Amino acid sequence: MRLTAFTDVSLRLVMRLAVAEDGELLTTRAAAEMLSVPYTHMAKAVARLSDMGLVEARRGRNGGLRLSGRGRRASVGSIVRELEGGEDLAGCEDDPPCPLRAACRLRGALREAREAFYSSLDGVTVESLVAQPARDTLTLLRPG
Ligand code: SF4
């Protein structure tokens, strides 16, 4: 199982925002450059994380991104679960759909396996992801 690029970008942003200093002005563009992802991908991650209440995006000259209190307290499992969604792990409903889907036991087993994967991340906090040595690496990131 592999995370979507969207989830990965979102988690990179959450980690970088978790080590931001008070008053640090972090724009979407700066975050994209720091984390080596295209601006458009970062803008989509910012929009989604804002909708989820994990990131606050303030507009204007003194605007910027910051992690909300909820974002700081969120478990990695809850973030990944919401970003990845509940899509089948295999192409059960593809076009053409799989002929086994009406009675497939593998489909249910894969769903359970995915839930076990998410559950194992429920005990991981954002705060724990930015403990040393990750904190120094994240703090030293610079745009450009
Ligand atoms: S075999 Fe089962 S899990 Fe695989 S695509 Fe078909 S219905 Fe889905």
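**Questions about strands, helices and a ligand shell**

Reader: Which residue is the bridge partner of A57 in β2?
Author: The partner of A57 is L65 of β2, and V55 is likewise bridged to L67. The model is a predicted one, in which local features need pLDDT of at least 70 and side-chain atom pairs count only at pLDDT 80 or more, whereas totals for chains, interfaces and linings use all residues. Residues are numbered from 1 along each chain as its sequence is written.

Reader: How do you know that strand β1 and strand β2 pair, and how do they run?
Author: Strands are DSSP runs of E with at least two residues, helices are runs of H or I with at least four, and both are numbered from the N terminus. Two strands pair if DSSP finds at least two bridges between them; β1 (residues 55–58) and β2 (residues 64–67) have four and run antiparallel, so they pair. In their hairpin, with five residues between the strands, G60 has a positive phi near 95°.

Reader: Which side chains of β2 are buried?
Author: L65 and L67 are buried and point to one face, while G64 and R66 point to the other and are not buried; buried means 20 or more other C-beta atoms, placed from the backbone, within 10 Å of the residue's own, exposed means 12 or fewer, and partly exposed lies in between.

Reader: Why is S36 called buried or exposed?
Author: S36 has 9 other C-beta atoms within 10 Å and is therefore exposed. S36 lies in the loop between α2 (28–34) and α3, and its phi is near 55°, a positive value in a residue other than glycine.

Reader: What makes α1 and α3 parallel or perpendicular to each other?
Author: The axes, lines fitted to C-alpha atoms over the stretch in contact, give angles from 0 to 180 degrees between N-to-C directions. Under 35 degrees counts as roughly parallel, over 145 as roughly antiparallel, 65 to 115 as roughly perpendicular and the rest as oblique. The axes of α1 (residues 5–18) and α3 (residues 39–51) come within 9 Å and cross at roughly 75°, and the two helices are therefore roughly perpendicular.

Reader: Which residues surround the ligand?
Author: A residue is near a molecule if its C-beta atom, placed from the backbone, lies within 6 Å of it. The ligand is surrounded by A90, G91, C92, C98, L100, R101, C104, L106, R107 and L110.

Reader: Where are cis peptide bonds found?
Author: One joins D95 and P96, with omega about 5°, and another joins Q132 and P133, also with omega about 5°.
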